[in-house]
Structure formats: C-alpha cells, structure tokens
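Hi,

Here is the structure I promised to pass on. Have a look at it first, and my notes on the helix packing follow below.

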Amino acid sequence: PRERGWRTRYLYLFHGFWCQPAEIQSITTLHHHFRPNDSDIIIATIPKSGTTWLKALTFATVNRDLFPPSSKSHPLLSSNPHDLAPFFEYTVYGSHDRNPPDLSGFPEPRLFGTHIPFDGLPSSVKDSDCKVIYICRNPFDTFVSSWTFINKIKPESLPPLTLEEAFDMYCQGIIGFGPFWDHMLGYWNESKEKPHKVLFLKYEDLKGETERELKRIAEFLGCGFGEEEEERGMVESIVKLCSFEKMKELEVNKCGTFGRNFGNKHLFRKAEIGDWVNHFSPPMVERLSTVIEEKLGGSDSSPCSSS
Ligand code: A3P
C-alpha cells in the first residue's frame, strides 16, 4: 500500500481506496473467510452518509414479526444499530486474532455493515444472491459530518484536523474508503446493472419521504408491507422507532460505545440537510462543485446535488 493521506500516517491507498492498516487487515480476513448466505443483507455506505439510520430501519423491518416496533423490549431500544448489524471491517473481522469468527449462530437474516467500495467486496459476496443496500448523501453534508466526527473521536494527543486540511484532502479523494466519487459510482453502476442485487438510496430522499423509502427497502428485501400491516400503522411505527429524535435520546446511544470504543453519542449530531452552508466559504463551494461535476457529472449525478 502507498502511504499518504489523513495525518499522512493513518490512511493508505489499498486497491484503489483509502483506509487504515487495521482495516486492511480485517478486509483481508473477510476475503479469506466470509461465506455469504443468500439471505444475508449488507448495508454499504461511505462513512457519515446515514449508516446508523439505515441499519436501524433495516433491522426493524426484517425483524418486525419477531420484534414488533412498538414493543417496549425492542432490541433497538437497548442496542446501538451497529451492534445489531455489525461492520465487517471493525467488528466481525476486526479482532485480528488467528481464528475467524464463527457466524453460524448469527440470527437470520444476517445483517452486516461495510464501508468497503463495491469493487473491494469479496467475489463471494458479489456472486451470491445476498442483497446490498447502499445509501449515499450529498458530498457537502457528508464532508461536514465526517470532519466534525473525526475531530470528536480523534485521540486527545492529536491536534484537531482543520477544516482547510480536511477539505483539501476530501477534494483529492483522500477520506476513509474514498474517493467518495468512486464509492458512489461503484454501487450506483451495480444498482443499474443488477437492481435485484443492489438498492441505491439517498439520505435526502430518506429524510424527505421516509415511509415511501422504507417501503422500497422492504420490497427490495422481499418482505414488503401488507395492507393489513399498513392499516395497523406498521410503517409509521418503524419510522418513529428509528427516528433521529427517538434514537438520540436512548440511554444506550447517549452513554454506550461502539467500534474502537467511540461514544455512540457522536453518531447523532444534527441530521440536517444543508448544514454545510454553515461551514463552506464561496471558494470551497466552487471547488467541491467542480470536483462533483468532473467526477460524477456524466453519470446521473442526482445523488450528489449540492443542496
Ligand atoms: P450529521 O453529522 O450531519 O448530523 P453515519 O451513521 O453514516 O455515521 O452518518 C451519521 C449522520 O447521520 C449524522 O449526520 C447523524 O446525525 C445522522 N443520523 C444518525 N441517526 C440518524 C437518524 N435516525 N435519522 C436521520 N439521520 C441520522
């Protein structure tokens, strides 16, 4: 791997995308050991695009018979979504001991998360009938969410990552699992070629039309909502259970930790569309707009609109 990037010491270019040494190790283990089931569901994102929310919605939807969303003991009330749909690279294959984890006791359908670009997924995943749901977010908001998050979780010994430094790297594509344009395009192209395999969602649509998008997710996963369920308010209940306002206030999300011991509270910041206007100067808007136009302009760039 070629060393460069965030704080120079921490990101490496690995098969065309940027990641940390620990991630390279777990991705390698994933490639060696993971055997997908056709019923597996993989939630794929570039960081800070709505991963936590999508994991919650998907978990609540596929498990709605077992755990009715209005139940007082619903797992999402006591577990962070990342514990219910663990990341391949941080949790499932993140421990780096010699033996790969035994996934046979994992409840079905198995839900996993990943930030790995489509091209970097094991061919076993690409060739199986397991489903992939991808969510992207406009790169302006994703950048702000990412920059603020990095500064919250960074080791205290490191100085803050300045907006200018972070932005310059982002525009060069240097961000965990980026460049963001390759990440989006990989899943976008696959969703066009194999719509039964990859569902491509946008954070902005999910915010604006949550019920409609949730129904799309359920249909895609082969567990569409029946009329009777809709009459009982099943869709609304799931949306409410997974809402930002509800999740942010749960004890587990205020106090718990995930991944490499980061506070769950950092996963819930503002959840707004367009917060970037509070951080971008006119030259920054121009530079990122140009990057988006150049890299994604010709490829139905609607996922990347800047407002
Ligand atoms: P902001 O930093 O703009 O507030 P990820 O889950 O991929 O890390 O993405 C984090 C972003 O999703 C954060 O955006 C966070 O606030 C937002 N988010 C988290 N939970 C959400 C929810 N239930 N509904 C909508 N947005 C949510």
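One convention before the details: a crossing is called right-handed if the near helix is turned clockwise from the far one by less than a right angle, and left-handed if the turn is anticlockwise. Keep in mind, too, that this is a predicted model.

With that in hand, start at helix α2 (residues 51-62) and helix α11 (residues 210-220). α2 passes α11 in a right-handed crossing. Their axes come within 10 Å and cross at roughly 60 degrees. That angle makes α2 oblique to α11, because it falls outside the ranges for roughly parallel (under 35 degrees) and roughly perpendicular (65 to 115). On the α2 side, the residues in the contact are Trp 53, Leu 54, Leu 57, Thr 58 and Thr 61, and they meet Thr 210, Leu 214, Ile 217 and Ala 218 of α11. Sorted by class, that contact has six nonpolar residues, three polar ones and no charged ones.

While you are on α2, click on Ala 60, which is found in that helix. Is Ala 60 buried or exposed? Its relative accessibility is 1%, so Ala 60 counts as buried. Leaving aside residues up to four places away in sequence, Ala 60 touches His 74, Leu 76, Ile 238, Leu 241 and Cys 242.

Two of those partners, Ile 238 and Leu 241, lead to helix α13 (residues 234-241), where they are buried along with Met 234, Val 235 and Val 239. Looking down the axis of α13, you will find its buried residues within an arc of 165 degrees, so they line one face of the helix. What covers them? The cover includes α2 and α11 again, plus α3 (75-78), α12 (227-231) and α14 (244-248).

The other pair I looked at is helix α7 (residues 139-153) with helix α16 (residues 282-296). Their axes are 11 Å apart and the helices pack at an angle of about 120 degrees. α7 and α16 are therefore oblique to each other. From α7, Pro 139, Phe 140 and Phe 143 meet Met 284, Val 285, Leu 288, Ser 289 and Ile 292 in α16. By class, this contact divides into seven nonpolar residues, one polar and no charged.

For getting from one site to the other, here is a handy distance: the C-alpha atoms of Ala 60 and Pro 282 are separated by 41 Å, and the two residues are 222 apart along the chain.

Cheers

Definitions and conventions:
Residues numbered from 1 in each chain as written. Predicted model: local features only at pLDDT ≥ 70, side-chain atom pairs only at ≥ 80, totals over all residues. Heavy atoms only, no water. Axes fitted to C-alpha atoms, helices over the stretch in contact; angles between N-to-C directions. Helix = DSSP H or I, 4+ residues; strand = E, 2+ residues; numbered from the N terminus. Parallel < 35°, antiparallel > 145°, perpendicular 65-115°, else oblique. Contact = heavy atoms within 4.5 Å. Nonpolar A, V, L, I, M, F, W, Y, C, P; charged D, E, K, R; others polar. Buried < 20%, exposed > 50% of the residue type's maximum accessible area, 1.4 Å probe, protein only. Arc of directions from axis to C-beta.
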